Amino acid sequence: MNKNYILITILSLSLSSLGFTETLLSTNGIKLSEITSNLSEPWGMTFINDDNILITEKTGDIIRINMKTGEKHSIDHELNFFYYGQGGLLDILYNDGYVYVSYSEDREQGKSSTSIARGLYNDQKIIFENIFRAEPPISSGYHFGSRIVIKDNYLYASIGERGKGMIAQDITNHPGSIIRIHLDGSIPQDNPKFTIKPKWLPEVVQIGIRNPQGMYLSSFDDEVYISNHGAKGGDFFGRVEFGGNYGWKIIGWGGTNYIGTKIGDGTAWKANFTKPLWTWTPSIAPSNILIYNGDLYPEWKGDVFVTSLKYKTLYKLNFKNNEVLSQDIIFEDLIGRIRDIEVNSIGELFLINSNSNASLWKMSKE
């Protein structure tokens, strides 16, 4: 989209009765209203109810925000997180009184893992216990993933390959996979290891993934979908397939290594691997995704929203009958690198950017 044809309006409205200043951004019929600011590298968010949302800051805090006033409250925890590179506190999910957090855990001698903890929600302090740790711990600040969703009382999580490439094909390790566990961390006895993939680790349901930072449970078909960072090209949107293999690093979905060399033999996809539903070359650096099913914007029902870090853009995929028909740009370069998108019970959409001085935004149509 040519930015010369985009009208961008920035308004500061003094709301004396509420005691704060609201920033509004608008472009091509889309309006962004700032709920709160001064967030430190926010990564994930989840609604407790329509009036309160929890946000993780990669730097270590869990923040509860009042959606009516923008007031922030920090919730104490004792997670042994590793803030380095792409690591820190990552995704967060509230479900039935519990809070689930994925994070880079500080293990031993500079090594870390993508780990998942849960704790009973408390306004002041949450006592977390680990329910999953990706093995082995690795000395790297790259590619932790990681998003979490709950489907039918199973927790799914995306685990990055930590920049180690072919480890995503090593069935004796967790990095580069999608895992599925019970909500208490125990292992479902119908996972692939016990049915079709006896050599796999018991938590793993899919392998061959690079750095999956987006995951969403579709209310239309009850399937779990992911977004994944490729290398220099080859980002994709696709479905989680039980016992499937996306092929990293044998294939790169149309991308190349950052130095320009081929990934594998240069083939974008091979018949024995899971095929993505949509790919981006060059890379857009997708973070989280959302498949919209709200009543507020019925024209968007079934469409996939994709947040982009690299191009600071919110994309929308026209997704019908398990096929992506086209892509639209909702807006670009308004709020910086876009990290996460969420929806409340009435269909309103909310975004966070990933800056060190970031904000929570409400998106609406003018």
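This report walks through the cores, strands and pockets of the structure above.

The model is predicted, so local features need pLDDT of at least 70 and side-chain atom pairs count only at pLDDT 80 or more, while totals for chains, interfaces and linings use all residues. Residues are numbered from 1 along each chain as its sequence is written, and side-chain values use heavy atoms, with hydrogens and water left out.

**The cores**

Let's start inside. A nonpolar core is a set of buried Ala, Val, Leu, Ile, Met, Phe, Trp, Tyr and Cys residues joined through side-chain atoms within 4.5 Å. Buried means under 20% relative accessible area, exposed over 50%, and partly exposed in between, using a 1.4 Å probe and protein chains only. The largest core has 32 residues, and Phe-305, Phe-331 and Met-363 touch the most other members. Several strands give two or more residues to this core, including S3 (30-39), S22 (304-308), S24 (323-332) and S27 (358-365). S23 gives the most, with 4 residues. Strands here are DSSP runs (E, at least two residues), numbered from the N terminus.

What does Met-363 touch, leaving aside its neighbours within four places in sequence? Among its contacts (heavy atoms within 4.5 Å) are Ile-30, Leu-32, Trp-300, Phe-305, Phe-331 and Leu-351. There is also a second, separate core of 19 residues, and Tyr-154, Val-205, Met-215 and Tyr-246 are among them.

**Strands side by side**

Strands of a sheet pair through backbone hydrogen bonds, either parallel or antiparallel. Two strands count as paired if DSSP finds at least two bridges between them. One open sheet has 5 strands in the order S12-S13-S14-S15-S19, with mixed pairing. Its edge strands are S12 (145-151) and S19 (244-245), and each pairs on one side only. S15 (residues 204-207) runs parallel to S19, with 2 bridges; one bridge partner in S19 is Gly-244, which goes with Gln-206.

Elsewhere, S9 (residues 98-106) and S10 are antiparallel and share 9 bridges, with Val-101 opposite Ala-117 in S10. These two strands make a hairpin with 5 residues between them, and Gln-109 in the turn has a positive phi of about 50°. S10 (residues 112-120) is mostly covered, as 7 of its 9 residues are buried. S10 also pairs antiparallel with S11 (residues 129-133) over 4 bridges, where Ile-116 has Phe-132 as its partner.

**A threonine in a loop**

Thr-274 sits in the loop between S19 and S20 (278-280). Is Thr-274 buried or exposed? Thr-274 is buried because its relative accessible area is 5%. Not counting residues up to four places away in sequence, Thr-274 touches residues including Gln-206, Gly-244, Tyr-246 and Trp-269.

**The pockets**

On a 1 Å grid over the protein atoms alone, a pocket is an open set of points where a 1.4 Å probe fits, with protein on both sides within 12 Å along at least five of seven lines; lining residues have an atom within 4 Å of a point. Grid points are joined across faces, edges and corners, and a volume is the space filled by probe spheres set on the points.

| Pocket | Volume | Lining residues |
|---|---|---|
| Largest | about 560 Å³ | 25 residues |
| Second largest | about 310 Å³ | 22 residues |

Leu-93, Tyr-216 and Glu-342 are among the residues nearest the centre of the largest pocket. For the second largest pocket, the closest include Gln-86, His-229 and Leu-309.
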